[in-house]
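Please read the following walk through the fold with the sequence and the coordinates open side by side.

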Amino acid sequence: MKGNQGVKGVPGYSTTITRSKIVILTGAGVSKPLGFETLDGLFELVEKTVSGEELRLLTELEQYIERASFELPDLEVVLEILEKFVGTKDLSEILGKPGSALVSEVNVGLKLRETILEFLLEHFEFSRRKTDEIRDLYEPFFYVISSYTGSNVIPIFTTNYDRVIEQLHDGRQLKVNYGFRHDPPSAATIWDPSEFNNFTPSGSKVTDLILFKLHGSIKWYKEKNTDRVECIDRKLAKVELSEHLENAVLYPTQTKSVTEDPYLTCYDYFEECLRNAELLIVIGHSFGDDYLNHVIKKAFSVNQQLEIVVFNPGFEKPNRRKKFDQLSLPKDRSHVFYHCFDYGKKGECLLNQTKREIVRKLGPVEIFCDSLDGNLDKWDKVKGDARVATAPDGKTALYLKHIGEPINTYLLAKLDLPDASITAGIIECEVFLSSENCIVDVVFDVDPSDSGKNYMARFDSRYGFGDCLLIATENEKWHEMKGQTSVKNVSPPGEWHCMKVEFKRLENGQISMKLHNNYKEVASTVDSTYSSGRIGMFNELGDIYIKNFRVKATELVSLPSNNENVN
């Protein structure tokens, strides 16, 4: 294959894709909030749909599957058996009777396969009517991945046949590359691996979702005896399966087909991505693909930095997570959560826990940033007068005007996190004190129910005072923190100062705080009054200019991992 020189061992594959720190793997469960059934649920629906000879054959296949695997059947396994049946024209070994090789039985099998495929087409087609719901559910998740990793390229691997992720493509903020392109001569949409291999990011304002459909799609069709695979809307094109055209769908145990495209490229990219990734996030996947499991297990032995986070409510039942447990992944690198992906909700818990896991694994993550040279949409104004203006040195910055006691200007940042989430973090900004009688405070752990209760990190230009850490309690009564180590640094007016506040909750329940002025520590202390809250700023005295306000999370409060059964 031609293209960019990729990772060693897979020439031509795009390193822009394979060097992503985070890789996403999804299964049928990820689409259940949209009304899609999981594969075992689909089996039950098909069972209610068919009748006569088709129902009789489906029942016999169900009994065979339960005898052979001691598991409830799902639709993928049934289709896999029927695909083998189409090739051999013989089900005698499975059904245990010579009559299963008769022409009549062959016809029933073919008809049942067609009925199931038509059912899947109808079931997954209705996603077109759910575009808004799909965006509401998925866009926030991919926004978190992009913003928390600083990368606009997200590799997504899925075993799903539906086209839910493809529907996120809007060409502006989200682009989906799934390995197909328009072919002008034939006016068809055809598979072309160079769409991945020659991939170029769309730009800083666009998130590229690189979608690898490991098991194919209900809309993929392959011309027999050729390498051509097309993406066809079967309803519009009125496509019929024939001796020359077949569904390009891969069933979990058909590992021989992994040597052919499109599957070869998709599985190879998965292997190469895991070779470099630090975190594999798995959502709604049952680990029923043995070859995929082999790739994951191999990646854990090759890449010692790799960790896996699994979100699957079904894994609370040991028989549902049997395949995953058989991987025997290192317990300290495996994190399973049962309750973070509630099928009845919109995924808020999933989003928050994903944020926590990224911060835990990748380290400090910038969760808030405002240059303060434009509008103030990222802030809630508690009181006072705040506007963007020109500082005395000509730089554009936020201007906090001191109106006079008791009115000063007080703003709280709109963080995309629950108030109690940050257990350790860094607050940074640049401040300009306009005179020798100025005070500016960065506030944190602000009580959500009473903004007057908080910790404060102060820069002070007054003679005889100095930079320090304070606490405000009832009725905004504030005082310097007890036991504080301070060098009583005074911040000279008329120049910019870099303020940095570090805070971290300790195991004993206290919070450790440090204040830096121009990269020099000027105050530090510990306290246990407040345990969580919002972040903001206000001017205690005088007129202040502030720019480049940033918040980095170094640790987020996390739910316990349900990985007690992981070996």
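Which residue in strand 12 stands opposite Phe-311? The residue is Phe-337. The model that shows this pair is a predicted one, and its strands are a convenient place to begin.

Strand 11, residues 307-311, pairs with strand 12 in the parallel sense, and four bridges connect the two. Both strands belong to an open sheet of seven strands, whose order is 3-6-2-1-10-11-12 and whose pairing is parallel. At the edges of this sheet lie strand 3 (174-177) and strand 12 (334-337), each of which pairs on one side only. With direction ignored, neighbouring strands of this sheet are turned by 20 degrees against each other on average. The Phe-311 and Phe-337 pair thus sits where strand 11 faces strand 12, and strand 12 is an edge strand.

There is a further sheet to consider. An open sheet of seven strands follows the order 14-17-27-19-20-21-22, and here the pairing is antiparallel. Strand 14 (379-383) and strand 22 (478-480) form the edges, each pairing on one side only. The twist from one strand to the next averages 25 degrees. Within the order of this sheet, strand 20 is listed next to strand 21. Strand 20 covers residues 454-460 and strand 21 covers residues 468-472; the two run antiparallel and are joined by five bridges. Across from Met-456 stands Leu-470 of strand 21.

The helices can be read in another way. Two packed helices are described by the angle between their axes and the distance between the axes. For helix 7 (residues 131-149) and helix 13 (residues 348-362), the axes come within 10 Å and cross at roughly 20 degrees. Angles under 35 degrees count as roughly parallel, and helix 7 and helix 13 are therefore roughly parallel to each other. The crossing of helix 7 past helix 13 is right-handed. Helix 7 contributes Pro-140, Phe-141, Val-144, Ile-145, Tyr-148 and Thr-149 to the contact, while helix 13 contributes Leu-350, Leu-351, Thr-354, Lys-355, Ile-358, Val-359 and Leu-362. Sorted by class, the residues of this contact are ten nonpolar, two polar and one charged.

How far the predictor trusts its own model is a separate matter. The protein chain has a mean pLDDT of 82, and 82% of its residues reach 70 or more. Over residues 1-9 pLDDT stays under 50, and for this stretch the model has 32 contacts beyond four places in sequence.

Key
Residues numbered from 1 in each chain as written. Predicted model: local features only at pLDDT ≥ 70, side-chain atom pairs only at ≥ 80, totals over all residues. Heavy atoms only, no water. Pairing = 2+ DSSP bridges. Axes fitted to C-alpha atoms, helices over the stretch in contact; angles between N-to-C directions. Parallel < 35°, antiparallel > 145°, perpendicular 65-115°, else oblique. Left-handed = near helix turned anticlockwise from the far one by under 90°. Contact = heavy atoms within 4.5 Å. Nonpolar A, V, L, I, M, F, W, Y, C, P; charged D, E, K, R; others polar. pLDDT = per-residue confidence, 0-100.
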